[in-house]
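Reader: Please take one part of this model and go through it closely. I would like the sheet, its pairings and what packs on it.

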Amino acid sequence: MTVQAESTSVRKDIVVKASPERAFTVFTEQMGTWWPAEHHVLRGDGIEMLIEPSEGGRMYDVNAAGEECTWGRVLTWEPPHTFAFHWLIGPDFSIPEPDAPASRITVTFTPVEDGRTRVELVHDQLDQHGEGWQRLRDAVGEEDGWALTLRRFAAVLD
Amino acid sequence: MVSASLPFVVTYQSPAVRGLDALGDPTRRRVFEGLAAGPRSVGDLAGDLPVSRPAVSQHLKVLRDAGLVVVRPRGTQRLYQLDPGGVAAVRDYFDQFWTRALAAFAEAVEETEE
């Protein structure tokens, strides 16, 4: 049995009341306004999320102390249609090495009726996070809230 | 929800998490990568690697103990394969994460709408 492509990718979509241009802008230039706060790998106050807006551009966090953490790399920059990037962070959410194995996220912005936009996100090549995957499994074995939650989640899926 | 309760700082600092790294050994990583395309026997794997068959068996044991690889019989052979449950855990994790992140994104977009 090979690992099916389906099992190594996540696909999500959501329709927003905004034009593709606005959706693209908020997704890329205002990432810090919506990104779940506990999911910054960099610590400290005043964390901003910055993207260099071109192919090969760095995606990084910077805090008030001026510390930086690069967590992604732009693969496709085609506003307002497509934004794709390599994701360097493993499931343990530690600060990644520059050459960390990367999965890929592709976000497409498609106009639908009533001036709204469908935003589709595909996060694939997740098997690239081999090492992080193992750490995740180790973490699941620890007696803390996350482990418990993950086990409950896994139980629901079984 | 998984991502809502994820204390990533604790996870990040945990010696148990950082200390155990079955893929840190280069040969073991090659054994692991040798299974990427599908299940294989020890002998088959050893044919591709500059190490003995018993050494491959030992690496496979470590990978099994780490939950990265599973073994199952096929006829008279024992075939090793990547543990699909391992990848599934990562996938489930990101599935939850993006559900939450996109919902927050939609709110942010609509708040900024003129």
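Author: **The sheet of chain A**

Seven bridges connect β1(A) with β7(A), and the two strands run antiparallel. Strands here are DSSP runs of E with at least two residues, helices are runs of H or I with at least four, and both are numbered from the N terminus. Two strands count as paired if DSSP finds at least two bridges between them. One bridge places V16(A) opposite T117(A) in β7(A).

The model is predicted, and local features need pLDDT of at least 70, side-chain atom pairs count only at pLDDT 80 or more, and totals for chains, interfaces and linings use all residues. Residues are numbered from 1 along each chain as its sequence is written, while chains are lettered from A and ligands numbered from 1 in the order in which they are written.

On to the partners of β7(A). Strand β6(A) is joined to β7(A) by eight bridges, again antiparallel. Within this pairing, V107(A) has L121(A) of β7(A) as its bridge partner. The hairpin of β6(A) and β7(A) has five residues between the strands, and D114(A) takes a positive phi there, near 65°.

The side chains of β7(A) alternate. T117(A), V119(A), L121(A) and H123(A) point to one face and are buried. R118(A), E120(A), V122(A) and D124(A) point to the other face and are not buried. Buried means that 20 or more other C-beta atoms lie within 10 Å of the residue's own, with exposed set at 12 or fewer and partly exposed in between; C-beta atoms are placed from the backbone.

These strands belong to an open sheet of seven, in the order β1-β7-β6-β5-β4-β3-β2 of chain A, with antiparallel pairing. Its edges are β1 (10-16) and β2 (48-51) of chain A, each of which pairs on one side only. Neighbouring strands are turned by 20° against each other on average, direction ignored. Angles run from 0 to 180 degrees between N-to-C directions, and axes are lines fitted to C-alpha atoms, for helices over the stretch in contact.

Further along the sheet, β4 (residues 68-78) and β5 (residues 82-87) of chain A form an antiparallel pair over six bridges. E78(A) has T82(A) in β5(A) as its bridge partner.

Helix α1 (residues 20-29) of chain A packs on the sheet and touches β1, β2, β5, β6 (103-111) and β7 (117-124) of chain A. Contact requires C-beta atoms, placed from the backbone, within 7 Å. The direction of α1(A) makes about 155° with that of β6(A).

How values were computed. Two residues are in contact if their C-beta atoms, placed from the backbone, lie within 7 Å.
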